[in-house]
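Q: I am new to this structure and would like a close look at one part of it. Could you take me through its aromatic pairs, and then show me what lies around them?

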Amino acid sequence: MSKQLSKNQKYTLLKLSNEFSNLDDVQKNIVNAEHRYWEPLTAVKNIPESVPHDDKHYLYKWDHFSDVEVITFDGKSNLSFIVSTASIESGTRLLKDKITGELLPREERLNISKVDTIFIESQEEVYCIIATFDYYELKRVEKLIGFGSLEPIPARFQSESDLFQWLFYKYIKNEFELNEEINLDSITGFTGTVVTEENKFEGQSDQVAELIIAKAFITNGYPLTSIQLVLQTNEGFAGFYLGKLDNPKELQITVQRLSNVVSLLGSVDAEISIPIYVYFYLIPKLVELYKLSEEEFTSGSKNKFLSEIGIEVIKTIMAKNDITINDLK
């Protein structure tokens, strides 16, 4: 079993509605061989009635089902989960014969994707993690699950701009130990909004927290929309991009290759154990730790911090451009 991610991987967290309170409900109503979704072949017009049903539709189904397993974080939190693979049909670029204009045989015009999908039972609620970079694969798996079965992501998983600023503050102040279990190893990227949503700013570097451009962005009070951080924990190492919700029903993260949780769950591949660990331990813990520090940070530390790095930015710009105090008068 692999202990670390062999490549960067994008994950999307969904919450199932309250009609699903445990994995038994999921296995009975979603993850089973009989549960299927047929997508009409809308890209091809005027398909003859004589064409069989299967040839006029794409099929989404489950073709792998694991047993229920249990994962423990910190010796305290037990989560049950199952892993399924969604088999997703889609069309190639060529659907019709170029000469006859007839619909090509099914096997010649189909792509079939296999998308790992993890269902997790936590606090009498059920969640789902879908592993794919492809937007259309994500939406097709959501169709297979059922859009009507999805609810907004709860607050314990949600990050905001102030949390990202707080993490920058902790890193720049060399306060790397967030608690007795989690250390902030580095901040290697961020995105933010300048004035309007149409004006985005992005920075990426192994030393992004030390870059003057990053400090200038933060000092000006522009809201951060995501942050790329590396955390060292008792269980291992995790590097991932964490952002604000663009969609209230989807929380997406991109986890860096080589992330590992060696001591966490030896019998399960990193591609499964790491996203569960990041979503259900690290992210809620970061939100919790920030909430405990929020009043002190926003009422005192934040303004002093912004003033300090603002002065540093001004001094750096002045030195690099031979600007004197008299030039500013």
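To begin with one residue: is Tyr-37 buried, partly exposed or exposed?

A: Happy to help! Please keep in mind that this is a predicted model. Tyr-37 is partly exposed, because its relative accessible area is 30%, and the limits for that class are 20% and 50%.

Tyr-37 has a partner. With Tyr-60 it makes a stacked aromatic pair, in which the centres are 5.6 Å apart and the planes differ by 15 degrees. A search of the whole structure turns up 12 aromatic pairs, and this is one of them. Tyr-37 belongs to strand S2 (residues 36-40) and Tyr-60 to strand S3 (residues 57-65), so their pairing ties together parts 23 residues apart in sequence. The partner is buried: Tyr-60 has a relative accessible area of 1%, whereas Tyr-37, at 30%, is partly exposed.

Next comes a pair with another geometry. The ring centres of Tyr-290 and Phe-297 are 6.4 Å apart and the planes stand at 75 degrees, so this pair counts as edge-to-face. The cut-off behind that word is an angle over 60 degrees. Tyr-290 is buried, with a relative accessibility of 4%, and Phe-297 is buried as well, at 2%. Ring pairs also join these two to Trp-166 and Tyr-169, which gives a cluster of Trp-166, Tyr-169, Tyr-290 and Phe-297.

From the cluster we can step to Ser-301. This residue sits in helix H5 (residues 270-320) and touches Tyr-169, a member of that ring cluster. Its other contact, once neighbours within four places in sequence are set aside, is Glu-296. Ser-301 is buried, because its relative accessible area of 18% falls under the 20% limit.

Now to Leu-231, which is found in strand S11. Its relative accessible area is 0%, so Leu-231 counts as buried. Beyond the neighbours within four places in sequence, the contacts of Leu-231 include Leu-178, Ile-182, Phe-237, Phe-240, Leu-282 and Leu-286. Leu-231 and Ile-187 are 44 residues apart in sequence, while their C-alpha atoms are 9.1 Å apart in space.

Strand S11 (224-233) also leads us to the largest pocket, as it supplies at least two residues of the lining. Strand S1 (9-16), helix H2 (135-145), strand S12 (236-243) and strand S13 (251-255) each do so too. The volume of this pocket is about 520 Å³. There are 23 lining residues, and those closest to the centre are Gly-243, Lys-244, Leu-245, Asp-246 and Gln-252. By type, the lining holds 7 nonpolar, 9 polar and 7 charged residues.

Asn-247 is found in the loop between S12 and S13. Asn-247 is partly exposed, with a relative accessibility of 27%. In sequence, Asn-247 and Ile-153 are 94 residues apart, yet from C-alpha to C-alpha the distance in space is 9.1 Å.

Finally, let us step back to the whole chain. It has 5 helices and 13 strands, and 49% of its 329 residues count as buried. Of the contacts between residues at least 6 apart in sequence, 67% join residues at least 24 apart. The chain exposes about 16800 Å², and 48% of that area comes from carbon and sulfur atoms.

Note on methods: Residues are numbered from 1 along each chain as its sequence is written. This is a predicted model: local features need pLDDT of at least 70, side-chain atom pairs count only at pLDDT 80 or more; totals for chains, interfaces and linings use all residues. Side-chain values use heavy atoms; hydrogens and water are left out. Rings of Phe, Tyr and Trp (its six-membered ring) pair if their centres lie within 6.5 Å; planes under 30 degrees apart count as stacked, over 60 as edge-to-face and the rest as tilted. Helices (H or I, at least four residues) and strands (E, at least two) are DSSP runs, numbered from the N terminus. Buried means under 20% relative accessible area, exposed over 50%, partly exposed in between (1.4 Å probe, protein chains only). Contact means heavy atoms within 4.5 Å. Accessible areas come from the Shrake-Rupley method with a 1.4 Å probe; for residues, only the protein chains shown count as cover. On a 1 Å grid over the protein atoms alone, a cavity is a set of points where a 1.4 Å probe fits but cannot get out, and a pocket is an open set with protein on both sides within 12 Å along at least five of seven lines; lining residues have an atom within 4 Å of a point. Grid points are joined across faces, edges and corners, and a volume is the space filled by probe spheres set on the points. Ala, Val, Leu, Ile, Met, Phe, Trp, Tyr, Cys and Pro count as nonpolar, Asp, Glu, Lys and Arg as charged, and the others, Gly among them, as polar.
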